[in-house]
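Visitor: Could you walk me through this chain, step by step? I would like to hear the reasoning as well as the answers.

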Amino acid sequence: AARRQALQPVVEVAHEKDSAAALRAAKGLGIEAKHAKVNHGLIAGWRARGHGTLADRSAKAALVEIYRNITA
């Protein structure tokens, strides 16, 4: 049961108001989740994970990439 739960598609959003748009966009990528979870660590945007795919459209991903480029 724990394995099945861990493998379920997940959509995370930075703000509740972005839930509907994030769920539609993730569905377009083949990741269908019933609900979006709020993750304040994303800063802005959304992230979806399912079926071995990660779609990261969050501001956090862009900021981490900038940080890696500066410190490398």
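**A guided tour of the fold**

Guide: Happy to! Among the contacts in the chain with a separation of 6 or more, residues 24 or more positions apart account for 45%. Please keep in mind that this is a predicted model.

Visitor: Thanks. In what order do the elements of the chain run from the N terminus on?

Guide: Let us start with the inventory: the chain has 3 helices and 4 strands. Its C-alpha trace spans about 40 × 30 × 20 Å along the principal axes. Read from the N terminus on, the elements run α-β-α-β-β-β-α.

Visitor: Which residues make up the largest nonpolar core?

Guide: A general tendency helps here: in soluble globular proteins, nonpolar side chains tend to be buried together. In this chain of 72 residues, 25% count as buried. The largest nonpolar core has 9 residues in all, and they are V11, V13, A22, A26, I31, A36, W46, A48 and A55.

Visitor: And which elements each supply at least two residues of this core?

Guide: Both helix and strand take part. At least two core residues come from each of these elements: β1 (10–13), α2 (19–28) and β3 (45–50).

Visitor: What does A55 touch, not counting residues up to four places away in sequence?

Guide: A55 is itself one of the core residues, as are W46 and A48. A55 falls within strand β4, residues 53–58, which runs antiparallel to β3 and is joined to it by 6 bridges. With residues up to four places away left out, A55 touches L29, W46, R47 and A48.

Visitor: Which residue of β4 stands opposite G45?

Guide: The two strands to look at are β3 and β4, which form a hairpin with 2 residues between them. They run antiparallel. Opposite G45 stands S58.

Visitor: Is H51, in the turn of that hairpin, buried or exposed?

Guide: H51 sits in the loop between β3 and β4. Its phi is near 55°, a positive value in a residue other than glycine. Most residues other than glycine have a negative phi. The relative accessible area of H51 is 63%, over the 50% cut-off, so H51 is exposed.

Visitor: What is the relative accessible area of I43, which also has a positive phi?

Guide: I43 lies in the loop between β2 (36–38) and β3. Although I43 is not a glycine, its phi is positive, at about 70°. I43 is partly exposed, with a relative accessible area of 46%.

Visitor: Which residues is G50 in contact with, leaving aside its neighbours within four places in sequence?

Guide: G50 lies in strand β3 and is buried, with a relative accessible area of 4%. K27 is 23 residues apart from G50 along the chain, and their C-alpha atoms are separated by 10 Å. Leaving aside neighbours within four places in sequence, G50 is in contact with P9 and I31.

Visitor: How do the residues lining the largest pocket divide into nonpolar, polar and charged?

Guide: About 230 Å³ of space lies in this pocket. Its lining is made of Q5, Q8, P9, V10, V11, E32, A33, K34, H35 and K37. P9, V10, V11 and A33 count as nonpolar, whereas E32, K34 and K37 count as charged. The division is therefore 4 nonpolar, 3 polar and 3 charged.

Terms used. Residues numbered from 1 in each chain as written. Predicted model: local features only at pLDDT ≥ 70, side-chain atom pairs only at ≥ 80, totals over all residues. Heavy atoms only, no water. 1 Å grid on protein atoms, 1.4 Å probe; cavity = no way out; pocket = protein on both sides within 12 Å on 5 of 7 lines; lining within 4 Å. Points joined across faces, edges and corners; volume = space filled by probe spheres on them. Core = buried A, V, L, I, M, F, W, Y, C linked by side-chain atoms within 4.5 Å. Buried < 20%, exposed > 50% of the residue type's maximum accessible area, 1.4 Å probe, protein only. Contact = heavy atoms within 4.5 Å. Pairing = 2+ DSSP bridges.
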